[in-house]
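Please find below a colleague's note for a reader who is meeting this structure for the first time. It is best read with the sequence and the 3D view open side by side.

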Amino acid sequence: HGLIVRDYIHYLVATKAESPDKFQLFKLSKMKKVEETYKKFQKTNSDLSAYFKSNASGFILIDKPQKIELTVGGPLASLLSENKLSEDQIFNWEDGEMKWAEISATVYISFDLIHLLTGYGKWAKVKGPAVLIDEMGKQSS
């Protein structure tokens, strides 16, 4: 149903045959064998977005969504112009050369978000909220 990557560790979000309506995380590096048990995609009655919001992965650092404000440039601006951080993301180019953009979005502060922003270094300038700036400081120290 999904794949989570955190610090080079890959987790599969899947269900078991005996509990098809219960999502679980499986560390890919621990898997020795995989068998196909369903020929078609197996639907579940569970809500995947609710599963992630429950923080089962432990990746969410702040339990309520926060409105973040960023100035992004270069490859990060290109990435976020095509891939939204959230449904309410607002993306505005700062200049006619499309090098820098202002972004606001309501998101969960998570390890993944911090990893994304710190991974782009000088191309990500976080304006707020303070809690995101603080968490980024904790992760980089």
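The numbered points below go from the confidence of the model to its sheet, its hairpins and some single residues.

1. Before anything else, please keep in mind that this is a predicted model. The pLDDT of the protein averages 81, and 78% of the residues score at least 70. Among the elements, strand E4 has the highest mean pLDDT, at 96, whereas helix H1, residues 48-53, has the lowest, at 64, a contrast worth remembering when these two elements are viewed.

2. The sheet to look for is an open one of 4 strands, arranged in the order E5-E6-E4-E7 with antiparallel pairing. Its edges are formed by strand E5, residues 90-93, and strand E7, residues 124-128, each of which pairs on one side only. From one strand to the next, the twist averages 20°. As general background, the strands of a sheet pair through backbone hydrogen bonds, either parallel or antiparallel.

3. Which helix packs on this sheet? Helix H2, residues 74-82, does so, touching strand E4 (66-73) as well as E5, E6 and E7, and the direction of H2 makes about 130° with that of E4.

4. The pairing of E5 with strand E6, residues 100-107, can be followed residue by residue, since the two strands run antiparallel and are joined by 4 bridges. Trp93 has Ala101 in E6 as its bridge partner, while Phe91 stands opposite Ile103 in E6. The hairpin of E5 and E6 has 6 residues between the strands, and there Met98 takes a positive phi near 55°. Most residues other than glycine have a negative phi, and most peptide bonds are trans.

5. Trp100, which lies in strand E6, deserves a separate look for its surroundings. Leaving aside neighbours within four places in sequence, Trp100 is in contact with Thr71, Val72, Gly73, Trp93, Glu94, Asp95, Lys122, Trp123 and Lys125. Trp100 and Leu76 are separated by 24 residues in sequence, and their C-alpha atoms are 9.3 Å apart in space.

6. How many salt bridges does the structure hold? There is 1 salt bridge, in which the side chains of Glu102 and Lys127 meet at 2.3 Å, N to O. This pair links distant parts of the chain, with Glu102 in strand E6 and Lys127 in strand E7, 25 residues apart.

7. Just past that strand, the peptide bond between Gly128 and Pro129 is worth checking in the 3D view, as it is cis, with omega about 10°. Pro129 belongs to the loop between E7 and helix H4, residues 130-140.

8. Towards the beginning of the chain, strand E2 (residues 9-16) and strand E3 (residues 19-27) pair in the antiparallel sense over 5 bridges. These two strands form a hairpin with 2 residues between them, and within their pairing Val13 stands opposite Leu25 in E3.

9. Finally, the surface carries a nonpolar patch formed by Leu3, Leu28 and Met31, which together have about 240 Å² of accessible area. Of these residues, Leu3 is found in strand E1, residues 2-6.

Methods
Residues are numbered from 1 along each chain as its sequence is written. This is a predicted model: local features need pLDDT of at least 70, side-chain atom pairs count only at pLDDT 80 or more; totals for chains, interfaces and linings use all residues. Side-chain values use heavy atoms; hydrogens and water are left out. Two strands pair if DSSP finds at least two bridges between them. Axes are lines fitted to C-alpha atoms, for helices over the stretch in contact, and angles run from 0 to 180 degrees between N-to-C directions. Contact means heavy atoms within 4.5 Å. Patches are made of residues with over 30% relative accessible area and no salt bridge: like charges are joined within 9 Å, nonpolar side chains (Val, Leu, Ile, Met, Phe, Trp, Tyr) within 5 Å. Accessible areas come from the Shrake-Rupley method with a 1.4 Å probe; for residues, only the protein chains shown count as cover. A salt bridge is a side-chain nitrogen of Lys or Arg within 4 Å of a carboxyl oxygen of Asp or Glu. pLDDT is the predictor's confidence in each residue, from 0 to 100.
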